[in-house]
Every structure is written in structure tokens, then in C-alpha cells.
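Good morning, and thank you for making time for this presentation. I would like to take the group through one model, beginning with its overall architecture and ending with its surface.

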Amino acid sequence: MFHLARYIHELTPVEFNVDCEYNRHLKDPKRLLLAKNASGDDAGDKVLPDILIYKRNSDERNLLVIEIKKPEVNFDKDIQRLRAFKKDPYNYTFAALVIIGKVGAEPVSEIKWV
């Protein structure tokens, strides 16, 4: 994940930041209100996205949130989180689920745009 973020950073315009597992929204932790809130409160569940492309310390121009997963996993909750990132208060323009790994001996790589 870190190396992928480094490659993405090299291709990203200088006004954007690229971070791995960054969970801050300004001074507060990033939280999402999901359909089934596991924490049981109204504040939302803390989230730790794998890779973010955004403007740090700003509420504008959140560009892309990426979750990276291995194949043969149920992706429903990840897709739900990615869709929530595209809504208030974060308003990311794009969200992607990147699936990489092996199924048996076969390599798998796939990107699902959410």
C-alpha cells in the first residue's frame, strides 16, 4: 500500500497530498455514519482509509479515497464506506476499491470504481 501511494504521489499535482491510513479531518478523526453503526453512537465509526488524495487541512478538493483488499473477501462494508466518503462531510470526487493478490496460483488485480 505504501509503495503504491508513493507511485501515485509522483503522478499527483503538487497542490494535493497523498497519505496512507490517514484518519484526520482537520483536527478531528474521520468518522462515517454507516447504515449499521458498529460503535452504537451518533458520532459515527472511525475510519482509516488506505490511501487518500486530498488537500490537507482543508475541506475543499478531496479527490480520491482508495481501499485495498485481498481477493476472496466480502467487499460490501468497504463499498459502503467508500460511498459514504463521497457524501458530506468529506465529498470525495472519486472512490476506488483495489483488489490485489492471488486466488490459488492465479494473480488477481482489479479496480472497482464506486
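What follows is a description of the fold, the sheet, the helices, the salt bridges, the unusual backbone positions and one surface patch.

Please keep in mind that the model is predicted. The secondary structure of the protein consists of two helices and nine strands. In sequence order, the elements give the pattern α-β-β-β-β-β-β-β-α-β-β. The protein has 114 residues, and 37% of them count as buried. Among contacts with a separation of 6 or more, 54% are between residues 24 or more positions apart. The accessible surface amounts to about 7,400 Å², and carbon and sulfur atoms contribute 52% of that area.

I turn now to the sheet. Five strands form an open sheet in the order S1-S6-S7-S8-S9, and their pairing is mixed. Its edge strands are S1, residues 17-20, and S9, each of which pairs on one side only. On average, neighbouring strands in this sheet are turned by 15 degrees against each other, with direction ignored.

At one end of that order, S1 and S6 run antiparallel and are joined by four bridges. S6 covers residues 51-54. Within this pairing, Asn17 stands opposite Tyr54 in S6.

Next, the helices. Helix H1, residues 2-11, lies across S1, S6 and S7, and runs at about 175 degrees to S1. For helix H2, which residues are buried? They are Asp78, Ile79, Arg81, Leu82, Ala84 and Phe85. The cover over these buried residues of H2 includes strand S4, residues 31-32, together with S7 and S8. The list of buried residues in H2 thus includes charged side chains, namely Asp78 and Arg81, and this leads to the salt bridges.

How many salt bridges does the model contain? The count comes to five, and I shall discuss some of them.

Asp78 forms a salt bridge with Arg81, with the closest N and O atoms 2.4 Å apart. Both residues belong to helix H2 and are three residues apart, about one turn of the helix. Asp78 counts as buried because its relative accessible area is 5%. Salt bridges with shared partners connect Asp78 and Arg81 with Glu67 and Lys69 in one network.

Within that network, the side chains of Glu67 and Lys69 meet in a salt bridge, at 3.8 Å from N to O. Is Glu67 buried or exposed? Its relative accessible area is 5%, so Glu67 is buried. Lys69, by contrast, has a relative accessible area of 23% and is therefore partly exposed.

A further salt bridge brings together the side chains of Asp19 and Arg56, at 2.9 Å from N to O. This pair links distant parts of the chain: Asp19 lies in strand S1, Arg56 lies in the loop between S6 and S7, and the two are 37 residues apart. Asp19 is buried, with a relative accessible area of 13%, whereas Arg56 is partly exposed at 37%.

Let me move to the backbone. The loop between helix H2, residues 76-85, and strand S8, residues 94-103, contains Pro89. The peptide bond from Asp88 to Pro89 is cis, and its omega is near 5 degrees. Asn91 lies in that loop between H2 and S8 as well. Although Asn91 is not a glycine, it has a positive phi of about 50 degrees. With a relative accessible area of 38%, Asn91 is partly exposed.

Glu72 is likewise not a glycine and has a positive phi, here about 65 degrees. Where does Glu72 lie? Glu72 is in the loop between strand S7, residues 64-69, and H2. Glu72 counts as exposed because its relative accessible area is 67%, and the cut-off for that class is over 50%.

Finally, the surface. Phe94, Ile111 and Trp113 form a nonpolar surface patch, and together they have about 370 Å² of accessible area. Trp113 belongs to strand S9, which spans residues 106-113. S9 is also one of the edge strands of the open sheet. Why does Trp113 count as exposed? Its relative accessibility is 58%, and the class begins over 50%, so Trp113 falls within it.

To close, I would draw attention again to two places in the model. One is the network that joins Glu67, Lys69, Asp78 and Arg81. The other is the loop between H2 and S8, where Pro89 is found and where Asn91 also lies. Thank you for your attention.

Conventions
Residues numbered from 1 in each chain as written. Predicted model: local features only at pLDDT ≥ 70, side-chain atom pairs only at ≥ 80, totals over all residues. Heavy atoms only, no water. Patch = residues over 30% accessible without salt bridge, like charges linked within 9 Å, V, L, I, M, F, W, Y side chains within 5 Å. Areas by Shrake-Rupley, 256 points an atom, 1.4 Å probe, with all protein chains shown as cover. Salt bridge = Lys/Arg side-chain N within 4 Å of Asp/Glu carboxyl O. Buried < 20%, exposed > 50% of the residue type's maximum accessible area, 1.4 Å probe, protein only. Contact = heavy atoms within 4.5 Å. Pairing = 2+ DSSP bridges. Axes fitted to C-alpha atoms, helices over the stretch in contact; angles between N-to-C directions.
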